[in-house]
Amino acid sequence: MGKLSGKRVIVTGGGQGLGLAIVQSLLAEQCSVAIHYHTSREGADGVVAEAAGRGLKAQAFQADLTDENAVKSFVQSAADFLGGVDILINNVGDLIGRRRIEEIEVGFWETVMNVNLTSMMLVTRECVPHLTANAQSSIVNLASLAGRKGGHAGSLAYSTAKGATLTWTRSLASELADRGVRVNAVAPGLILGTRFHNTHTTKESADNTVAGIPLGRAGDPDDVARPVVFLASEYDGFITGATLDINGGVYSA
């Protein structure tokens, strides 16, 4: 694993849930971190204060990542703060709501795609000039087990977006390889203790899912943060275009 100390990292959606756990793990590795948030200001500001208390460099940036101009401003401000970008963690995404095919309206479909795909494309596009300015750099995308298996009923749009994230990862890895940028993804399964599942998963559904997990438990945010940090560190490694499945044995590719 490459040494992350001093690496300059942008994390989207870093104010809560998986993003917050990832930020905390990167700070533990002595990274400098630009923490994006949309509405989770309290969490983002809290981890910035935590970093300052440990003598580490971190700053929070608010932006709506579905707004092209807002993304341009955010990435430039983050890069200016960091003095460049070595690593990008595309964490932002959401189910938005559960709707079966008969209930999906164009507006809902577009919202899900914008939040999960367009935001990632915009942030990545703006970061690429900064990433390719380095000899070696790394991107890690957050996909989902839903992108592998299709998800539970009502998650058709979200599962489609996360399946596209897997393809995006492979394609982008090929496109950026000759410029020294490695691109990988993680696909978490049931990760409890996050706002995502607190909002979209009932206890009954979670219990039923856990019953089918070979390891016999749900994951927690640190179970995702550790592999993300590992893949981020592979800026000088030989892994690219890969997806690491984090699901307790429910799915393996």
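The legends below describe close-up views of a predicted model.

**View 1. Strand S5 and its two covered faces.** Strand S5 spans residues 137–142, and six of its six residues are buried, so the strand is largely enclosed by the rest of the structure. In a regular strand, side chains alternate between the two faces of the sheet. On one side of S5 are Ser 137, Ile 139 and Asn 141, and on the other are Ser 138, Val 140 and Leu 142. Both of these faces are covered, as the residues on each side are all buried.

**View 2. The strands that pair with S5.** Strand S4, residues 87–90, runs parallel to S5 and is joined to it by four bridges. Within this pairing, Val 140 of S5 has Ile 89 opposite it. Between S4 and S5 the chain passes through helix H4, residues 106–131, and the resulting β-α-β crossover is right-handed. S5 also pairs with strand S6, residues 181–188, again in the parallel sense, and here there are six bridges. One position to look for is Asn 141, whose bridge partner in S6 is Ala 185.

**View 3. Ile 139 and its contacts.** Ile 139 belongs to strand S5. Ile 139 is buried because its relative accessibility is 0%, and the cut-off for buried is under 20%. Leaving aside neighbours within four places in sequence, Ile 139 is in contact with Leu 88, Asn 90, Thr 124, Leu 131, Leu 172, Leu 176, Val 181, Arg 182, Val 183 and Asn 184. Arg 8 is 131 residues away from Ile 139 along the chain, yet 12 Å separates their C-alpha atoms.

**View 4. Two threonines of helix H6.** Thr 165 is found in helix H6, which covers residues 156–176, and Thr 169 lies in H6 as well. Thr 165 has a relative accessible area of 0% and is therefore buried. Thr 169 also counts as buried, at 0% relative accessibility. Not counting residues up to four places away in sequence, Thr 165 touches Asn 116, Leu 117, Met 120, Asn 141, Leu 142 and Ala 143. With neighbours within four places left aside, the contacts of Thr 169 are Asn 141, Val 183, Asn 184, Ala 185, Gly 241 and Ala 242. Asn 141 thus appears in the list for Thr 165 and in the list for Thr 169.

**View 5. The largest cavity.** The model has one cavity of 30 Å³ or more. The volume of the largest cavity is about 40 Å³. The residues lining it are Thr 12, Leu 65, Asn 90, Asn 91, Val 92, Ser 119, Met 120 and Val 123. H4 supplies three residues, the largest share of this lining. Four of the lining residues are nonpolar and four are polar, and none is charged.

**View 6. Two loop residues with a positive phi.** Most residues other than glycine have a negative phi. Gln 30 is not a glycine, but its phi is positive, at about 70°. Gln 30 sits in the loop between helix H1 (17–28) and strand S2 (32–37). With a relative accessible area of 41%, Gln 30 is partly exposed. Ile 96, another residue other than glycine, has a positive phi near 70°. The loop that holds Ile 96 lies between S4 and H4. Ile 96 counts as partly exposed, at 33% relative accessibility.

Definitions and conventions
Residues are numbered from 1 along each chain as its sequence is written. This is a predicted model: local features need pLDDT of at least 70, side-chain atom pairs count only at pLDDT 80 or more; totals for chains, interfaces and linings use all residues. Side-chain values use heavy atoms; hydrogens and water are left out. Buried means under 20% relative accessible area, exposed over 50%, partly exposed in between (1.4 Å probe, protein chains only). Contact means heavy atoms within 4.5 Å. Two strands pair if DSSP finds at least two bridges between them. A crossover is right-handed if, with the strands pointing away from the viewer, the path from the first strand over the helix to the second runs clockwise. On a 1 Å grid over the protein atoms alone, a cavity is a set of points where a 1.4 Å probe fits but cannot get out, and a pocket is an open set with protein on both sides within 12 Å along at least five of seven lines; lining residues have an atom within 4 Å of a point. Grid points are joined across faces, edges and corners, and a volume is the space filled by probe spheres set on the points. Ala, Val, Leu, Ile, Met, Phe, Trp, Tyr, Cys and Pro count as nonpolar, Asp, Glu, Lys and Arg as charged, and the others, Gly among them, as polar.
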